[in-house]
Amino acid sequence: MVWFDSKQIRWSMDWMHWLGNKLAPLCAWAKNNVNRIRSVCRRMSVRGPEPVRLEMLRATQIASADTLWKIVNNLADLEQWHPLVTGTNAPRGQQAKPGLIYRTMSRYLPLSTQVFVERVLPGELLSMRLFPLPGLQERVTYRIISTLCGTCVLYSITLSGWLSPFAWPVVKPQVIKVATALVEAAELETTGQWREKNSLQKSRSLRSHQRKDIFE
């Protein structure tokens with residue numbers, strides 16, 4: 001059995017009293033800021049960085065909802081208007097349907113990207129997931145809304161994965177142009193200038209042969 005004299009006991013009690021006085025303000029601050037502490041802990045958890053999300057809304061009074069959907073749903077001709085796509089292996093006339101998997105060539109990545117069509121509401125909604133690299137995933141959604149004043153396109157993109165903070169500065173300059181490019185393409189299609197601007201009849205056969213070489 002260990003015996004403590006009165007001096008040791010008194011010193012221990014004084015030390016505990018001093019420590020309690022020092023920690024009291026910290027405990028009071030923590031009690032009043034529980035939500036802030038929890039949010040910081042969530043950010044520092046092992047889930048990785050928070051997903052990056054961007055939404056762009058564009059309206060048009062020239063193009064109809066059917067024209068916009070026709071362009072979005074034509075997966076084989078994405079490179080004609082999409083700022084981020086330079087090619088696709090989708091066959092001519094291929095339309096989006098849930099479960100469809102195809103590949104595209106990106107402007108910012110010299111590799112083909114796998115695309116999975118997640119959800120389709122004909123004439124209204126198209127949702128896809130892209131897998132450019134291990135550690136990076138994209139979710140892209142096109143929503144077409146008809147109003148009394150015209151037609152609106154809501155384009156949203158979400159980047160997730162540990163590479164998302166590094167990839168976002170690279171793709172953002174082109175991402176912010178997607179909705180505008182889609183509306184402009186639909187307006188040109190409506191006014192009959194789409195084929196003249198892109199020279200589709202002359203370049204379709206050439207791109208079809210190049211498409212096979214790129215994705216083989």
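# Reading a sheet, its helices and its spaces

User: Where should one begin with the strands, and how many residues join strand 3 to strand 4?

Analyst: The model is a predicted one. In it, strand 3 is linked to strand 4 by a hairpin of five residues. Strand 3 covers residues 101-106 and strand 4 covers residues 112-121; the two run antiparallel and are joined by five bridges. Two pairs of residues illustrate this register. Tyr 102 stands opposite Val 115 in strand 4, and Met 105 has Ser 112 in strand 4 as its bridge partner.

User: How many bridges join strand 4 to strand 5, and what is found in the turn of their hairpin?

Analyst: Strand 4 and strand 5 are antiparallel and joined by seven bridges. One bridge partner is easily located: Arg 119 is matched with Ser 127 in strand 5. The hairpin of these two strands has three residues between them, and in its turn Gly 123 has a positive phi of about 80°.

User: In what order do the strands of the whole sheet lie, and which strands are at the edges?

Analyst: The sheet is open and consists of seven strands in the order 1-7-6-5-4-3-2, with antiparallel pairing. Its edge strands are strand 1 (52-60) and strand 2 (85-88), each of which pairs on one side only. On average, neighbouring strands of this sheet are turned by 25° against each other, direction ignored. As a general idea, the side chains of a regular strand alternate between the two faces of the sheet.

User: Which strands does helix 3 lie across, and which strands does helix 4 touch?

Analyst: Helix 3 (residues 65-73) lies across strand 1, strand 4, strand 5 (125-133), strand 6 (136-147) and strand 7 (150-160), and runs at about 160° to strand 6. Helix 4 (residues 164-175) also packs on the sheet, where it touches strand 1, strand 6 and strand 7; its direction makes about 160° with that of strand 7.

User: How is the packing of two helices described, and at what angle do helix 3 and helix 5 cross?

Analyst: In general, two packed helices are described by the angle between their axes and the distance between the axes. Here the axes of helix 3 and helix 5 (residues 178-191) cross at roughly 115° and come within 9 Å. The crossing is right-handed. On the side of helix 3, the residues that meet helix 5 are Thr 67, Leu 68, Lys 70, Ile 71 and Val 72. Their counterparts in helix 5 are Leu 182, Val 183, Ala 185, Ala 186, Glu 189 and Thr 190. By class, this contact has seven nonpolar, two polar and two charged residues.

User: How is empty space found, and what volume lies in the largest cavity?

Analyst: In general, rolling a probe the size of a water molecule over the atoms shows where empty space is left. This structure holds one cavity of 30 Å³ or more, and the largest cavity has about 240 Å³ of space. Its lining has 21 residues, and those nearest its centre are His 82, Leu 84, Val 85, Thr 104 and Leu 130. Strand 5 gives the most to this lining, with four residues. The classes in the lining of the largest cavity are 16 nonpolar, four polar and one charged.

User: Which residues line the second largest pocket, and how do they divide by class?

Analyst: The second largest pocket holds about 180 Å³ of space. Its lining includes Arg 53, Glu 55, Glu 118, Arg 119, Leu 125 and Ser 127. Also in this lining are Arg 139, Thr 141, Arg 143, Leu 154, Ser 156 and Thr 158. The elements that give two or more residues to it are strand 1, strand 4, strand 5, strand 6 and strand 7. The lining of the second largest pocket divides into two nonpolar, four polar and six charged residues.

Definitions and conventions. Residues numbered from 1 in each chain as written. Predicted model: local features only at pLDDT ≥ 70, side-chain atom pairs only at ≥ 80, totals over all residues. Heavy atoms only, no water. Pairing = 2+ DSSP bridges. Axes fitted to C-alpha atoms, helices over the stretch in contact; angles between N-to-C directions. Contact = heavy atoms within 4.5 Å. 1 Å grid on protein atoms, 1.4 Å probe; cavity = no way out; pocket = protein on both sides within 12 Å on 5 of 7 lines; lining within 4 Å. Points joined across faces, edges and corners; volume = space filled by probe spheres on them. Nonpolar A, V, L, I, M, F, W, Y, C, P; charged D, E, K, R; others polar. Left-handed = near helix turned anticlockwise from the far one by under 90°.
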